[in-house]
Amino acid sequence: MEIKVFETMQDASVAGAEIIASAMKGAGHFVLGLATGSTPVPLYRELARRNKGGELDFASVHSYNLDEYVGLDGSHPQSFRYFMDDNLFHHINIDPANTHVPSGTGGDHEADARAYDEMIEAEGGIDLQVLGIGNNGHIGFNEPDSVFHAGTHVVDLTDSTIDANKRFFERREDVPRHAITLGMGGIMRAKKVILLAFGAVKADAVRALVKGEVDPQCPASILQLHRDVTLLLDRAAASKL
Ligand code: PGA
């Protein structure tokens, strides 16, 4: 695992964009795994800037997002589909048909989850996965649990996650209680992973990820077993390493 610490989240995000740009260079068909939350916003801004400047071409990119709230469709401003359109897809030359976010509104979540994994597999797997990390160590919405879940699945969100995400909703009661998330198998099969974490609020989770036991109570700790992970941290997130 490579750990890079930056003065600011902007510097870390530019470094993240650089890693993505080099991985995409000359690759042709490229499968990019994407994350939501506040963390990747400056990264997406930098990717959009490079795309606008003609440095980075998304015409052959197929994107797969990690997760979505159960019950919110893409027109809901707090849905992750809406977030991705708003923060990235509408600002780059990716074909909207090549952008994928799990559906949280289908009738059969289990079938939708299986179909999502099959689609990724048919693409040849994820070439590069962008991750954030939850205050509780989750990646995607793989919440602390007694086991690691391999496939895409439906999860009950923990109180910690509901508290962390209530800032995006009018009331805490409005935060969905369930989500559909890519599992650990999908994340671990990604050929390359970059994980961004900013702020003191992430310092404990980052420490558990790097120095703790590999334990499903800190889902991100499984990344210790991945052979190509780069952590891009600001000083505050790295302060407990
Ligand atoms: P954040 O969320 O980027 O909004 O802090 C990260 C996460 O929960 O994975």
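Visitor: Let's start with N98. Leaving aside neighbours within four places in sequence, what is N98 in contact with?
Guide: With that restriction, N98 is in contact with A59, V61, H62 and S63. Keep in mind that this is a predicted model.

Visitor: Where is the place of N98?
Guide: N98 sits in the loop between α3 and β5, with β5 covering 99-100.

Visitor: Buried or exposed, that N98?
Guide: N98 counts as buried, because its relative accessibility is 14% and the cut-off for buried is under 20%.

Visitor: OK, and α3 itself. Which of the residues of α3 are buried?
Guide: Those are F80, F83, M84 and D85.

Visitor: What do they pack against?
Guide: The buried residues of α3 pack against β2 (30-34), α2, β3 (61-65) and β4.

Visitor: You mentioned α2. Where does N51 fall?
Guide: N51 is in helix α2, which runs over residues 41-52. N51 is buried, with a relative accessible area of 13%.

Visitor: And which residues is N51 in contact with, leaving aside neighbours within four places in sequence?
Guide: On one side of the list you have L56, D57 and F58, and on the other H91, I92 and N93.

Visitor: What about R49, how does its accessible area come out?
Guide: R49 also lies in helix α2. R49 is partly exposed, at a relative accessible area of 47%.

Visitor: How far apart are R49 and I92 in space?
Guide: C-alpha to C-alpha, R49 and I92 are 8.7 Å apart, while in sequence they are 43 residues apart.

Visitor: Changing topic: pockets. How much space lies in the largest pocket?
Guide: About 670 Å³. There are 36 residues lining the largest pocket, and the closest to its centre are T36, G37, S38, N165 and R167.

Visitor: Which element gives the most to that lining?
Guide: Helix α3 again: α3 gives the most to the lining of the largest pocket, with five residues. At least two residues each come from β4 (67-69), α3 (80-87) and α5 (159-165).

Visitor: How do the residues of that lining divide by class?
Guide: The lining of the largest pocket has 16 nonpolar, 16 polar and four charged residues.

Visitor: And what volume does the second largest pocket have?
Guide: About 220 Å³. The second largest pocket is lined by 14 residues, and A21, M24, K25, G26 and L56 are the closest to its centre.

Visitor: Which helix gives the most to that one?
Guide: Helix α1, residues 9-24, gives the most to the lining of the second largest pocket, with four residues. By class, that lining has six nonpolar, four polar and four charged residues.

Visitor: How many cavities of 30 Å³ or more does the structure hold?
Guide: One. The largest cavity has about 40 Å³ of space.

Visitor: What lines it?
Guide: The largest cavity is lined by N142, E143, D145, V147, F148, H149, M184, P216 and P219. Those residues divide into five nonpolar, two polar and two charged.

Visitor: Now the core. How many residues are in the largest nonpolar core?
Guide: The largest nonpolar core has 60 residues, and the ones with the most contacts inside it are I20, Y44, L47, F58, V130, L195 and L223. Helix α1 brings the largest share of this core, seven residues. There is also a second, separate core of 11 residues, which includes F141, L157, F169 and A179.

Visitor: Pick L223. What is L223 in contact with, leaving aside neighbours within four places in sequence?
Guide: L223 is in contact with M1, L131, I139, I187, M188, V193, L195, L209 and V229. As background, nonpolar side chains tend to be buried together in soluble globular proteins.

Visitor: Zooming out, how many helices and strands are there in the protein chain?
Guide: Seven helices and 10 strands. The radius of gyration of the chain is 17 Å, close to the 18 Å that the globule rule gives for 241 residues, so the chain is as compact as a globular protein of that length.

Visitor: What does the C-alpha trace span along its principal axes?
Guide: About 45 × 45 × 35 Å. Buried residues make up 51% of the 241 residues in the chain.

Visitor: Last one: among contacts between residues at least 6 apart in sequence, how many join residues at least 24 apart?
Guide: In the protein chain, 78% of those contacts do.

Notes. Residues numbered from 1 in each chain as written. Predicted model: local features only at pLDDT ≥ 70, side-chain atom pairs only at ≥ 80, totals over all residues. Heavy atoms only, no water. 1 Å grid on protein atoms, 1.4 Å probe; cavity = no way out; pocket = protein on both sides within 12 Å on 5 of 7 lines; lining within 4 Å. Points joined across faces, edges and corners; volume = space filled by probe spheres on them. Nonpolar A, V, L, I, M, F, W, Y, C, P; charged D, E, K, R; others polar. Buried < 20%, exposed > 50% of the residue type's maximum accessible area, 1.4 Å probe, protein only. Contact = heavy atoms within 4.5 Å. Core = buried A, V, L, I, M, F, W, Y, C linked by side-chain atoms within 4.5 Å. Rg over C-alpha atoms; globule rule 2.2 N^0.38 Å.
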